[in-house]
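User: I would like to learn how to read a structural model feature by feature, with the general idea first and the particular case after it. Could you take me through one?

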Amino acid sequence: MDDPIVVAEGLHKNFGDTRALRGLDLAVPAGTVCGVLGPNGAGKTTAVRILATLADPDAGHARIAGHDVVAEADRVRALIGLAGQYAAVDEKLTGRGNLRLFGRLSHLSRRDAHRRADELLERFGLMEAADRRAGGYSGGMRRRLDLITCLILRPRVLFLDEPTTGLDPRSRGEIWDAIRELVTDGTTVLLTTQYLDEADRLADDIVVIDHGRAIATGTPDELKATIGDRLDVVLEDAALLGGAASVLAGLAGAEPVPDPESGSLSVPLARGGIRLADVVRELDRAGVAAADVGLRRPTLDEVFLRLTGRPAEDDPAPDQSVETAPAKETV
Ligand SMILES: Nc1ncnc2c1ncn2[C@@H]1O[C@H](COP(=O)(O)OP(=O)(O)OP(=O)(O)O)[C@@H](O)[C@H]1O
Ligand SMILES: [Mg+2]
């Protein structure tokens with residue numbers, strides 16, 4: 001197998017008394033999307049800044065395509081693009097103007113800068129807005145412009161720090177499409193996010209970080225498998241929750257969590273699971289009518305809660321005027 005294109009080994013970084021990174025390890029295979037998932041203050045931006053040569057680690061090493069991010073920072077910069085946590089577009093320029101300026105600053109000829117700007121505007125759906133000032137763009141368009149600005153020089157590795165935080169669901173979807181489009185070109189993407197559904201949809205591999213170190217690594221399915229399936233039962237009569245709970249506890253060998261409001265119960269299943277027919281029969285025998293019985297894979301939210309002991313997004317930090325809660329999904 002090829003060596004991973006992004007490697008971090010034992011990264012440490014302190015800011016005064018704050019230990020932002022405490023031995024972070026990462027390895028991202030070329031051509032894949034790695035989702036770095038963690039709550040506010042977990043160390044995501046610090047990690048990205050080190051990988052992108054903007055900060056030096058206090059200890060540990062990182063390499064991009066084999067080049068050390070400290071000793072060979074110039075080589076690394078030629079291989080990467082970075083869209084920071086807050087979109088950095090010039091509001092006084094048009095979308096096209098922003099791209100051309102960046103192209104020129106990156107030493108492209110005038111002709112090449114213009115050509116590349118138009119290519120990117122076309123491909124990522126901003127051509128219609130190309131001649132409008134970026135200051136009038138929506139939060140989602142600004143983010144997309146910021147992202148494609150990083151593509152001018154065709155980076156092999158793209159770092160995206162919370163690319164959709166604070167965006168409405170439609171704009172998030174547009175950014176996701178743009179990221180998928182990039183990956184088809186073979187670009188390796190490392191994105192940070194506080195949104196579990198984002199990591200779930202985009203990432204080949206997820207690294208969950210908390211307090212500056214990786215606490216779990218795997219594909220979305222592998223992470224979900226660590227906590228097993230759940231059995232959900234909705235009752236016709238919520239008054240029978242108690243009876244249903246003891247039946248389910250007996251079958252599953254775990255304590256069901258009742259929700260009196262919806263008249264439903266949910267119970268984690270041990271490996272090997274349970275037969276739905278047995279559940280229905282036992283409930284029936286106890287005189288409890290079920291409106292719905294189903295098996296459900298855990299969501300990444302549940303995985304996160306289990307790993308960190310607290311929910312994700314406990315303190316979302318919107319950076320745009322439009323803020324909508326991300327759509328939660330049962331997987
Ligand atoms: N320049 C700095 N000076 C002092 N403390 C810092 C600095 N940068 C980061 N920190 C601290 O280091 C820790 C990790 O911060 P970091 O920005 O990497 O977290 P994050 O995971 O990106 O969080 P968020 O989701 O809020 O963006 C936090 O406690 C933060 O306050
Ligand atoms: Mg951050």
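User: Let me start with the cysteines: how many disulfides does the structure hold?

Analyst: Before anything else, please keep in mind that this is a predicted model. A disulfide is a covalent bond between the sulfur atoms of two cysteines. In the present case the structure holds zero disulfides; Cys-34 takes part in none, and the nearest cysteine sulfur, that of Cys-150, is 18 Å away. Cys-150 is likewise in no disulfide, its nearest cysteine sulfur being that of Cys-34 at 18 Å. Because a disulfide requires the two sulfur atoms to lie within 2.5 Å, a separation of 18 Å does not qualify.

User: Are these two cysteines, Cys-34 and Cys-150, buried or exposed?

Analyst: A residue counts as buried when its relative accessible area is under 20%. Cys-34, with a relative accessible area of 3%, is buried, and Cys-150, with 12%, is buried too.

User: What is the overall frame into which these residues fit, in terms of helices, strands and dimensions?

Analyst: The protein has eleven helices and 14 strands, and its C-alpha atoms fill a box of roughly 80 × 45 × 40 Å along the principal axes. Of its 331 residues, 48% count as buried.

User: How many aromatic pairs does a search of the whole structure find?

Analyst: A pair of aromatic rings is described by the distance of the centres and the angle of the planes. Here the search of the whole structure finds zero aromatic pairs. An aromatic ring can also be read against a charged side chain, and in this model Arg-172 lies over the face of Tyr-195, at 4.1 Å from the ring centre.

User: Which residues surround ligand 1, and which of its polar contacts should I look at?

Analyst: The way to read a ligand site is to take the surrounding residues, then the individual atom pairs, and finally the area that is covered. Ligand 1 is surrounded by 14 residues, of which the closest are Asn-40, Gly-41, Lys-44, Thr-45 and Thr-46. Turning to atom pairs, a backbone N or O atom of Gly-43 lies 3.0 Å from an oxygen atom of ligand 1, while a side-chain N or O atom of Thr-45 is 2.8 Å from an oxygen atom of the ligand. Gln-194 also contributes through its side chain, where an N or O atom is 3.2 Å from a ligand oxygen. Taken alone, ligand 1 exposes 630 Å², and the protein buries 61% of that.

User: Where are Thr-187 and Thr-188 found, and what do their side chains contact?

Analyst: For such a residue one asks for its place in the fold, its burial, and the partner of its polar atom. Thr-187 lies in the loop between H6 and S8 and, at 8% relative accessibility, counts as buried; a polar atom of its side chain is 3.3 Å from the backbone oxygen of Leu-182. Thr-188 is found in strand S8, which covers residues 188-193, and with 1% relative accessibility Thr-188 is buried as well. The side chain of Thr-188 has a polar atom 2.8 Å from the backbone nitrogen of Gly-31.

User: Which residues other than glycine have a positive phi, taking Thr-53 and Glu-162 as cases, and where do they lie?

Analyst: Most residues other than glycine have a negative phi, and most peptide bonds are trans. Thr-53 has a positive phi, near 70 degrees; its place is in the loop between helix H1 (44-51) and strand S4 (59-64), and it counts as buried at 10% relative accessibility. Glu-162 has a phi near 45 degrees, again a positive value; Glu-162 lies in the loop between S7 and helix H6 (169-184), and at 2% relative accessibility this residue is buried.

User: Is Arg-154 buried or exposed, and which loop holds it?

Analyst: Arg-154 lies in the loop between helix H5 (139-149) and strand S7 (157-161). At 54% relative accessibility it counts as exposed, because the cut-off for that word is over 50%.

User: What can I read from Glu-198?

Analyst: Glu-198 is found in helix H7, residues 196-202, and is buried, with a relative accessible area of 0%. Separation along the chain and separation in space are two readings to set side by side: Glu-198 and Ala-286 are 88 residues apart along the chain, and their C-alpha atoms are separated by 42 Å.

How values were computed: Residues numbered from 1 in each chain as written. Chains lettered and ligands numbered in written order. Heavy atoms only, no water. Buried < 20%, exposed > 50% of the residue type's maximum accessible area, 1.4 Å probe, protein only. Phe/Tyr/Trp six-rings, centres within 6.5 Å; stacked < 30°, edge-to-face > 60°. Lys NZ or Arg CZ within 6 Å of the ring centre and 35° of its normal. Near = heavy atom within 4 Å. Polar contact = N/O pair within 3.5 Å; in protein donor to acceptor, adjacent residues only side chain to side chain. Areas by Shrake-Rupley, 256 points an atom, 1.4 Å probe, with all protein chains shown as cover. Helix = DSSP H or I, 4+ residues; strand = E, 2+ residues; numbered from the N terminus.
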